[in-house]
Amino acid sequence: MASATSPSSSIKASASPNGTFSSNSNYSKKPNRISFASIINPNPISAKICNSNGSSGRSGSIVSSGLKVAESTGIAPLDAKDLRDPADSGPRPTILVSEKLGEAGLKVLRGFGEVECLYNLSPEELREKISSFDALIVRSGTKVTRQVFEAAKGRLKVVGRAGVGIDNVDLPAATEFGCLVVNAPTANTVAAAEHGIALLTSMARNVAQSDASMKAGKWERNKYVGVSLVGKTLAVIGFGKVGSEVARRAKGLGMHVIAHDPYAAADRARAMSVDLVSFHEAICTADFISLHMPLTPTTKNVFNEQTFSKMKKGVRIINVARGGVIDEEALVRALDSGVVAQAALDVFAEEPPSKESKLVQHHNVIVTPHLGASTKEAQEGVAIEIAEAVVGALNGELSATAVNAPMVPPEILTELAPYVVLAEKLGRLAVQLVAGGGGVQSVKVVYRSARDPDDLDTRLLRAMIIKGIIEPISSSFVNLVNADHMAKQKGLRISEERVTIDSSPESPLDSIQVNISNMDSKFASAGTEDGHISIEGQVKDGVPHLTCVGTFDVDVSLEGNVILCRQVDQPGMIGIVGNILGQHNVNVSFMSVGRTAPRKQAIMAIGVDEAPRKETLDEIGNVPAIEEFVFLDL
Ligand SMILES: NC(=O)c1ccc[n+]([C@@H]2O[C@H](COP(=O)([O-])OP(=O)(O)OC[C@H]3O[C@@H](n4cnc5c(N)ncnc54)[C@H](O)[C@@H]3O)[C@@H](O)[C@H]2O)c1
Ligand SMILES: O=C(O)[C@H](O)COP(=O)(O)O
């Protein structure tokens, strides 16, 4: 008799904390983090998002418009009535807005979920409240730390940064917790650039100091003689969105503009008649230096004692980027010594800076309280941009402004959709074929495609294979955000190979093969000569199919569950097994037989709608010609 090697029995003991092994257990039994299927929803009807109580499905699900990328850069407000399915009576997602957000954005959010605006929360208050929210929207004032993600207890699915800089969000922690971070990168560019120019011109002409002097009753025409801008060299550090808009405006003022940006394209600079130069040349030759790079470990305190000492005496510095890129104490010393004649600062290492800050109080410094993005227009734009991105993410769409997940163009998402489903199912099947279920360390994925390897974006597929492999055998939750991190954490090495085949480039892929290296299989026929467990699948008419097990060709649609039997190839086997299943009321959706040679060995792959009971599996195992079989739960 062949014994049934059902994965449920072997995996139960070691794996799932609730002692069960079921398909979609990620939706119903995992913590309430957004599932991968909610970020990129392979099901065009509804994206399941777990409720606060851990249940899932239509009550608590959010209707998805399918595989599309949120058009979050468009700033026309969405019609609130379009955002949720009116038939969906489940609990609405909860959104915490922790800093002032434009009304138009709030309207978009209110059309979709329960919105609470709680400004000025202390870090402790934020940690206390966060586990009741699916989304958090912040500006630069809220520190979204690891502790916040921990306190969210898996509920928080998306953090929306209503602006550009994400240095106040702990991205590695967000990624580990599978929380998507989106920002609003475009709507405040012009506002920040205009503020930079405002600071540049007012600093050069002592507008702030002379205004204060007059208001103090003085008339000091000789004291506030300024410097001209025309013909002076402005060095823009960080030639991105804001930096290049500052450059464009400074050229209009007749300045000679140079820029330093290790990642900027030279032709973009050339097109604006801006010379891209080294950091050294920029800081040594400039009369004015305007900062527009992000705050990163590399840029932190990049303006320090040493760099100030190399600057032209009397240089003037503008900072509307981030305070942390300047060593503020070193700047005070450079101002005192006259190396830096003036500074105009919108941002500070610590915000708000202390009232006694020597930098803020310095007579050659003008300051604004982080107002770069604060125009009515920019704030409305940013609010809509972030609201649409957050709603899109909660709706199961991949955001075009995702910061910690791959941004995949909509047309690619659409054509990859069925392969994404196939990839997860192959991962789930492959791990169930491993004897003992766990211990998988090395997986090789082979993608066969007629397209050029560079034309195939496999990140989604890889993430889904990882999800398929990890979730059935652990309590971990895997999505597009944290898949690579989870694989690394579990010591799972995934290598990918793309094989170009002679076929139609119409479809992105011909097949996906998943090989688990150096593991024994509970279904020996799934093994290859070189010691791998190998399965392969294809998409046929939009439906994922299992097409190869070990060295056997099969063809079974991966829609329900699968029984694989190895048997002696002889007449009547399909009837015998089909009969047993029929007698036990198990509906067969698909059957296919692959064999090495007539009357030798064959593999029968049977698709079944429901999981057979143990007695049914025992009866199949008692058929004398059946040598081994396995039930695979999809
Ligand atoms: N004060 C405000 O209210 C305000 C408003 C908007 C943006 N900002 C800040 O301005 C900065 C720029 O914003 P953006 O929208 O232009 O971003 P961006 O990403 O478009 O541009 C940043 C540029 O900096 C470059 N860069 C990265 N590391 C660098 C380095 N070591 N040296 C030089 N350049 C480097 C990048 O290549 C990129 O081109 C960000 O820090 C953002 O947070 C502030
Ligand atoms: O990075 C940004 O977008 C700006 O610094 C704006 O920050 P704010 O939203 O706090 O005004």
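**Exercise 1. Decide whether aspartate 541 is buried or exposed, and describe its backbone.**

At 81% relative accessibility, aspartate 541 counts as exposed, where exposed means over 50% relative accessible area, buried means under 20%, and partly exposed lies in between (1.4 Å probe, protein chains only). The model is a predicted one, in which local features need pLDDT of at least 70 and side-chain atom pairs count only at pLDDT 80 or more, while totals for chains, interfaces and linings use all residues. Residues are numbered from 1 along each chain as its sequence is written, chains are lettered from A and ligands numbered from 1 in the order in which they are written, and side-chain values use heavy atoms, with hydrogens and water left out.

Next, locate the residue: aspartate 541 sits in the loop between strand S20 (533-540) and strand S21 (543-549), strands (E, at least two residues) and helices (H or I, at least four) being DSSP runs numbered from the N terminus. Finally, the phi of aspartate 541 is near 50°, which is a positive value in a residue other than glycine.

**Exercise 2. Find what the expected span of helix H10 is, and what covers its buried residues.**

Begin with the rule that the expected span is 1.5 Å times one less than the number of residues. Helix H10 (residues 241-252) has 12 residues and should therefore span 16 Å, and this agrees with its end C-alpha atoms, which are 17 Å apart.

Then list the buried residues of H10, which are Val242, Gly243, Ser244, Glu245, Val246, Ala247 and Ala250. What covers them includes helix H8 (189-204), strand S9 (233-237), strand S10 (256-260), helix H11 (266-271) and strand S12 (288-291). After H10 comes glycine 254, whose phi is positive, near 85°.

**Exercise 3. Describe the surroundings of aspartate 287.**

First, place aspartate 287 in the loop between helix H12 (279-285) and S12. With a relative accessible area of 18%, aspartate 287 is buried.

Second, leaving aside residues up to four places away in sequence, aspartate 287 touches Lys232, Thr233, Lys312, Gly314, Val315 and Arg316, contact meaning heavy atoms within 4.5 Å.

Third, the side chains of aspartate 287 and lysine 312 are joined by a polar contact of 2.8 Å; such a contact is a pair of N or O atoms within 3.5 Å, of which, within protein, one must be able to donate a hydrogen and the other to accept it, and residues adjacent in sequence count only if both atoms are side-chain atoms.
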